[in-house]
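Dear colleague,

I am passing on the structure we spoke about, and below it you will find what I noted while going through it. Please read the notes with the structure open beside them.

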Amino acid sequence: MAGSASGKSNAKQAAVIGSSRGPRSRARAACLNCRERHSKCDEQRPECLNCRRFGEQCRYEERNVFIMEAYNATLAKDQSIPRTLSRRHTMAGGGVIQRDLVFQDETSSISSEYRVLPNSPPPPTQQFPSPAPLAIRHESVESPIHAPSTEEYIRRHSFSPNTLPLTSPSIASIASPAVSVHQPPPQPITDPTDTFFFRRFVEIIAVWFDLFDREKHFALLLPHIALATPVVMKAALACAARQHSLVTGYPTDRALEYYNAAIHLLLPILASPTLSSDPAILAACLLLGHFEMIGERSSDWQSHLSGSRGLIVSHGWNGSSGGLAQASFWIYARMDTWAAIASGTRIRHPSHLWSPSQMGTGKFGDWANRITYILGKVHEYHVEAREGREDVAKWRELRSELDRWNRSRPIVAEPLSVFTNTADSMTDESGGGQCVFEVSTWYADSAVASAMQMYDTAKIILFCAHPLSNSSSALSPGAGATSRYDLFLTHPSIPHEALRAAQSIADNSIRNDGHIAWVNATVSLFISGRLLQSAAQRKALVKVLENVRSETGWYVKERMEWLVREWGWEGVAWRDMGEGELEELAVRRGESGGVEVALVRMFEGGIAGGEY
């Protein structure tokens with residue numbers, strides 16, 4: 001029996017990748033119903049034999065595959081190119097009206113970042129056990145959940161001119177279909193494989209997205225929206241399948257299938273100001289951006305972020321919009337801020353447009369989102385300072401705002417344990433060895449730990465950009481310095497405070513090792529590693545990054561390799577070397593300049609190296 005099952009599996013795999021040893025086991029142009037039944041289709045149109053036999057409506061789907069195209073900054077800025085669409089509207093009485101529609105809304109630039117490629121299957125991959133029977137479909141983008149084609153999806157709705165509302169004032173002469181992207185009534189999914197990945201989305205990915213959201217929009221609301229919104233469902237399944245693949249080694253075919261299907265469904269929605277006004281579409285774009293960001297280096301996530309920003313601007317969403325729109329906005333803000341810090345570039349959506357809640361509301365979500373806003377402003381100042389536009393008053397204002405934020409924390413954000421480690425103190429239960437950081441802090445909520453890591457990161461960035469023109473401040477009193485290195489040498493409180501913040505970031509990920517905090521900490525941990533001086537602390541940091549990679553799937557390999565090079569450990573078995581040996585190695589290789597040199601490097605070359 002086992003041999004028979006194996007033979008069937010091999011035959012199926014050969015058919016999928018197009019083996020020349022025999023005929024295909026399934027028609028390339030099979031209808032959707034036959035594919036869902038795994039039945040051979042005779043491909044007759046408009047109705048195949050099987051559908052006639054079962055009395056079902058025969059449905060076929062396009063075979064184009066959509067993928068992201070690299071972000072084109074020039075094209076994105078050019079909003080002057082009109083797009084014309086000729087559409088025939090059928091009146092209720094049978095008359096036909098021909099209209100030429102000229103689209104000038106900002107959403108038109110979003111869809112231009114996507115393109116259609118000829119259908120080509122990916123190379124064969126090693127086969128791993130599937131959580132449920134898996135039928136890989138390279139030649140189409142459908143899955144066992146029925147996702148209607150673009151034409152079928154649009155055809156299901158009425159386009160009566162009497163129900164067409166006007167859009168924004170700037171394009172008031174344009175009529176758009178008055179339809180919702182939701183397709184009631186939502187039906188539960190029934191396919192075991194899709195259920196497996198959908199559950200992973202709800203229990204893992206959505207929890208990460210709801211980091212600072214106490215109402216849990218992505219974990220509690222979005223799954224129900226996904227049942228009625230195919231593009232959201234496909235994006236959610238793609239994220240879950242991608243993360244599962246990175247953690248377990250499971251083949252990426254299923255994840256790519258979901259991803260391609262989501263892009264296929266997203267295109268007509270992005271081209272419509274009415275359809276794209278649903279916050280669920282912004283959520284889908286963020287999920288697709290996460291799909292790219294969590295894996296190996298790819299520029300495609302930049303297009304998703306730019307597209308998300310286009311939706312935010314076009315529909316006026318911000319940090320106070322309420323509901324799913326507000327929740328999605330703050331997720332975008334975190335992604336945009338971390339991407340800008342990691343790449344050393346400006347934030348796409350300037351912080352003055354964010355509209356956060358006032359400080360001191362007592363609500364955890366407001367407090368936590370506020371540190372995202374402050375971190376964004378600190379990074380913006382750092383970019384300006386690198387361009388030679390330092391501002392003493394602005395620097396002091398940001399420093400004061402950070403202090404006020406830290407003092408305004410709600411009761412649930414207070415630590416439950418803070419203790420100082422000694423040479424013979426307790427062992428570190430998460431690592432099995434002695435504690436290597438002077439102070440350890442434990443919080444009841446991983447989201448609090450994540451917010452505090454953003455706070456420490458903001459402090460480090462602000463210290464790096466400390467003004468030279470007048471060093472007189474609450475942190476470093478004294479006369480102006482002639483160079484940044486001279487500033488850090490003559491005002492040791494700056495590198496001292498920066499090092500404490502770096503140690504706090506690293507220890508925070510050890511003491512508060514929840515995945516929800518880890519996935520928001522990869523850039524913070526890299527910044528921390530650039531300042532740490534102790535070989536033991538550096539090793540502890542690498543272990544945290546390795547745990548992040550193995551348990552969450554987040555790609556951190558290049559960051560770890562960068563740190564090893566910057567520490568002067570490259571090319572040696574540093575894991576087996578003692579602290580004294582590694583410090584001597586760093587001295588011989590000229591990589592022992594201390595925190596002062598590290599701060600200068602981070603200011604001149606970018607906080608996180610300037611590449612992402």
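For what follows on helix pairs, angles of 65 to 115 degrees between axes count as roughly perpendicular. Please keep in mind throughout that this is a predicted model.

With that range in hand, consider α21 (residues 535-552) and α23 (residues 579-588), whose axes come within 9 Å and cross at roughly 100 degrees; these two helices are therefore roughly perpendicular to each other. On the α21 side the contact involves Ala535, Ala536 and Lys539, which meet Glu579, Leu582 and Glu583 of α23. By character, the residues of this contact divide into three nonpolar and three charged, with no polar ones.

A second pair is formed by α7 (residues 192-209) and α11 (residues 279-293), where the axes come within 12 Å and the crossing angle is roughly 95 degrees, so that α7 and α11 are likewise roughly perpendicular. Here Phe201, Ile205, Trp208 and Phe209 of α7 are in contact with Leu286, Leu287 and His290 of α11, and the residues involved divide into six nonpolar and one polar, with no charged ones.

Turning to the interior, nonpolar side chains in soluble globular proteins tend to be buried together. In this model the largest nonpolar core has 148 residues, and those with the most contacts inside it are Phe201, Phe218, Leu222, Leu287, Trp367 and Leu531. Leaving aside neighbours within four places in sequence, Phe218 is in contact with residues including Phe201, Phe209, Leu287 and Ile331. Apart from this core lies another, of eight residues, among them Ala30, Cys41, Cys51 and Cys58.

For the chain as a whole, the secondary structure comes to 24 helices and eight strands, and 54% of the 612 residues count as buried. Among contacts between residues at least 6 apart in sequence, 71% join residues at least 24 apart.

Finally, some points of backbone geometry may deserve your attention, given that most residues other than glycine have a negative phi, and most peptide bonds are trans. The peptide bond from Arg45 to Pro46 is cis, with omega near 10 degrees, and Pro46 lies in the loop between α2 and α3. Lys216, in the loop between α7 and α8, has a positive phi near 55 degrees and counts as partly exposed at 26% relative accessibility. Ser355 also has a positive phi, of about 55 degrees; this residue lies in the loop between α13 and α14 and is partly exposed, with a relative accessible area of 31%.

With best wishes

Technical notes. Residues are numbered from 1 along each chain as its sequence is written. This is a predicted model: local features need pLDDT of at least 70, side-chain atom pairs count only at pLDDT 80 or more; totals for chains, interfaces and linings use all residues. Side-chain values use heavy atoms; hydrogens and water are left out. Axes are lines fitted to C-alpha atoms, for helices over the stretch in contact, and angles run from 0 to 180 degrees between N-to-C directions. Helices (H or I, at least four residues) and strands (E, at least two) are DSSP runs, numbered from the N terminus. Angles under 35 degrees count as roughly parallel, over 145 as roughly antiparallel, 65 to 115 as roughly perpendicular and the rest as oblique. Contact means heavy atoms within 4.5 Å. Ala, Val, Leu, Ile, Met, Phe, Trp, Tyr, Cys and Pro count as nonpolar, Asp, Glu, Lys and Arg as charged, and the others, Gly among them, as polar. A nonpolar core is a set of buried Ala, Val, Leu, Ile, Met, Phe, Trp, Tyr and Cys residues joined through side-chain atoms within 4.5 Å. Buried means under 20% relative accessible area, exposed over 50%, partly exposed in between (1.4 Å probe, protein chains only).
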